[in-house]
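Hi,

Here is the model I promised to pass on. Have a look at it first, and my notes follow underneath.

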Amino acid sequence: MDWGAIIQNSFRGFIGEPFIYFSLAAMGLNMHYGYTGLLNFGQAVFMAAGAYGLSMAVVTLGLNFWWGLLLGIVVFPLLLALIMGVPTLRLRADYLAIVTIAASEMFRIIARSPSLDRWTGSSDGLTAFANTFYDFNPFDKQKRYFFGLFIGNQMWVVLIGWIVLSIVVLIVWMTMRSPWGRVLRAIREDEDAARSLGKNAYWFKMQSLMIGGMFGALGGMFRAIGTQSAQPQNFITDVTFFAWVALILGGAAKVGGPIAGAAILYGILNFTDVFLRQLVENGYVPESVMDGTQVGQVRFMLIGLGLILLAIYRPQGIFGTKEEMALDDR
Amino acid sequence: MTAEPSTAQHLFDGVPFEPGAAKNDPILVADGVRRAFGGLVAVDVDHLEVQRGAITALIGPNGAGKTTFFNLLTNFDEPDTGSRLFEGNDLAGVSAYKVANLGMVRTFQLTKSLSKMTVIDNMCLGGTGQTGESFFKALFPFLWRRQEAEITERADALLERFKLSHMRDEFAGTLSGGQRKLLEMARALMVKPNMVMLDEPMAGVNPALKQSLLDHVKGLRDEGMTVLFVEHDMDMVQEISDWVVVMAEGRIIAEGPPESIASNQAVIDAYLGAHHDSALDLEAD
Ligand SMILES: Nc1ncnc2c1ncn2[C@@H]1O[C@H](COP(=O)(O)OP(=O)(O)OP(=O)(O)O)[C@@H](O)[C@H]1O
Ligand SMILES: [Mg+2]
């Protein structure tokens with residue numbers, strides 16, 4: 001057993017690229033669900049907005065990288081939030097849930113349709129739109145950094161990712177301690193009560209949808225930048241549910257919950273991947289039980305098992321408080 | 001319990017004791033307001049005026065349509081027909097939150113305490129015109145810190161008054177039923193409304209505290225606030241209301257000062273069934 005490789009890989013999962021994408025996406029969901037009580041089951045579409053906002057701006061429209069950032073982080077997510085929010089946010093929570101699922105699947109299917117090849121690159125997606133980003137890379141492309149975990153370009157993505165993530169955490173932390181955050185939490189608890197006190201619940205929900213959507217877009221954009229490609233398959237519904245898993249695992253309505261959840265999720269995924277593979281390779285697990293090609297599936301089964309145990313023994317998530325959870329039943 | 005003489009009855013000088021009577025200075029006017037749920041006509045009010053600066057009680061048997069009428073007056077529900085004017089503003093099509101901002105705040109019969117927020121957060125939420133409720137300004141605490149301190153101070157004073165100070169930092173979800181009623185009423189007052197509409201505010205509140213809160217409500221009236229409240233407790237109605245409006249089966253069947261209501265034949269019929277001819281004993285329970 002190569003324990004060095006196991007530890008190194010687990011640690012990379014803990015802090016690496018997927019951790020960043022999904023932390024950002026889950027921070028957005030936390031804004032939506034944790035603080036405002038909005039059910040967004042289509043966070044993938046906000047992530048896609050970030051990825052396609054940037055890549056379409058650069059590749060399709062021939063704009064420069066900076067316009068791409070504006071489109072991907074601000075314009076696309078805001079438009080999406082308006083399109084999904086205007087018809088649903090006056091209604092019960094379920095309607096937003098339905099519309100977000102539908103929108104995220106619609107976007108993916110439309111983006112991969114061959115007739116739109118000129119715009120979206122259909123199923124191959126768009127590539128090579130983040131050169132400007134890598135032009136600023138101060139790290140040596142050939143070298144390894146941070147305990148040898150990341151090569152130069154990766155290090156640059158991850159470093160900027162950490163910085164952006166810190167800013168997002170700071171924004172959430174600040175706003176949730178403010179009267180603005182108090183209104184969101186009140187809406188989560190009882191919209192009519194908030195209204196009876198003169199709060200425009202509809203507009204606050206819209207703001208929450210927009211801002212959480214922008215966090216998601218940042219996540220999707222990092223994913224696109226990290227791989228220099230934006231493809232429809234990167235934004236399937238599983239992506240939304242990974243972000244949800246991170247949120248539930250860490251604990252909703254806690255500032256650090258989504259980050260802890262994403263770190264643990266990817267730490268465990270990477271750990272089980274390498275660990276199981278080594279068990280198979282070293283003959284500790286007979287081929288009849290599991291072979292090397294099945295490791296990928298088995299680790300998701302283990303994650304599923306872990307989530308079931310969590311739901312039974314710690315439903316409030318790792319950072320949640322049981323007392324708060326119990327208030328629901330009164 | 002001996003009823004103290006109310007101090008705002010002079011506002012009703014010359015107002016006839018009849019349903020739909022015009023008031024000397026109405027703050028709220030409802031006209032032809034009707035609301036049906038399927039075949040059931042829950043509210044069918046020809047005309048009602050609520051006198052500014054007075055405490056008006058809205059009474060009536062269970063299912064009379066009082067809560068529904070409250071919802072219609074505060075735009076939590078839309079009437080099928082009819083108009084509502086609050087301080088001269090037509091409320092048709094106005095969102096419920098705007099009605100609150102116009103100065104008319106209501107509480108709910110089934111309390112809506114915000115369970116996973118602390119009692120003090122519940123209170124502070126009620127503050128109006130908060131700078132920190134803008135997302136961008138929220139990021140700069142120095143812009144709203146002073147206002148927040150003022151709001152918190154006012155909230156603490158009200159909590160003291162409502163005997164909730166010891167629960168200040170607890171989650172509202174841990175409060176008892178009566179405490180939630182108190183919190184909701186106190187929270188409504190945080191809005192500094194011109195008019196409060198209280199739906200059974202004292203249900204489940206212990207008698208000693210009730211007395212102190214009644215005095216508080218009278219104090220609010222003396223400061224110029226208009227109060228409209230629904231209540232089944234006749235002692236309370238007798239004691240603090242300047243004017244009583246009686247609803248039955250969606251309609252307003254009687255109006256007048258509290259003394260005039262107990263002997264009103266229409267009211268006796270509504271509460272006890274028709275052809276009951278003894279005066280209604282509103283003093284007992
Ligand atoms: N949303 C609704 N759908 C159908 N019927 C309703 C609805 N709301 C109220 N009603 C009906 O309207 C009538 C009046 O109800 P309302 O709650 O206004 O009575 P109330 O006077 O407040 O009674 P209580 O003193 O018991 O609180 C009742 O018959 C009730 O069943
Ligand atoms: Mg009622």
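Let me start with the first helix of chain A, where A:Ala5, A:Ile6, A:Ser10, A:Arg12, A:Gly13 and A:Ile15 are buried in H1(A) (buried is under 20% relative accessible area, exposed over 50%, partly exposed in between, with a 1.4 Å probe and protein chains only). Before going on: this is a predicted model, where local features need pLDDT of at least 70, side-chain atom pairs count only at pLDDT 80 or more, and totals for chains, interfaces and linings use all residues. Residues are numbered from 1 along each chain as its sequence is written, chains are lettered from A and ligands numbered from 1 in the order in which they are written, and side-chain values use heavy atoms, with hydrogens and water left out.

Back to H1(A): the helix covers residues 3–15, and its 13 residues reach 19 Å from first C-alpha to last, close to the expected 18 Å (1.5 Å times one less than the number of residues). Helices (H or I, at least four residues) and strands (E, at least two) are DSSP runs, numbered from the N terminus. The buried residues of H1(A) pack against H2 (17–36), S3, H8 (152–176) and H13 (257–281) of chain A, contact being heavy atoms within 4.5 Å. At the N-terminal end, A:Asp2 acts as a cap, with a side-chain oxygen 3.2 Å from the backbone nitrogen of A:Gly4.

Over in chain B, strand S3 (residues 55–59) has 5 of its 5 residues buried, so it is largely enclosed by the rest of the structure. B:Ile55, B:Ala57 and B:Ile59 cover one side, B:Thr56 and B:Leu58 the other. S3(B) runs parallel to S8 (226–230), joined by 4 bridges, and also pairs in the parallel sense with S9 (243–248) over 4 bridges; pairing takes at least two DSSP bridges. B:Thr56 has B:Leu228 as its partner in S8(B) and B:Trp243 in S9(B).

Then there's the magnesium ion (ligand 2), coordinated by B:Thr67 (OG1) and B:Gln109 (OE1) at 1.9 to 2.1 Å. B:Thr67 sits in H1 (66–73) of chain B and B:Gln109 in the loop between S6 (104–106) and H3 (119–125), so the pair ties together parts 42 residues apart in sequence. Donors are N, O and S atoms within 2.8 Å of the metal (3.2 Å for Na, K and Ca), and water is not among the atoms, so the site may look incomplete.

One backbone oddity: A:Phe147 has a positive phi of about 60 degrees although it is not a glycine, and at 69% relative accessibility it counts as exposed.

Cheers

Definitions and conventions. A polar contact is a pair of N or O atoms within 3.5 Å; within protein, one must be able to donate a hydrogen and the other to accept it, and residues adjacent in sequence count only if both atoms are side-chain atoms.
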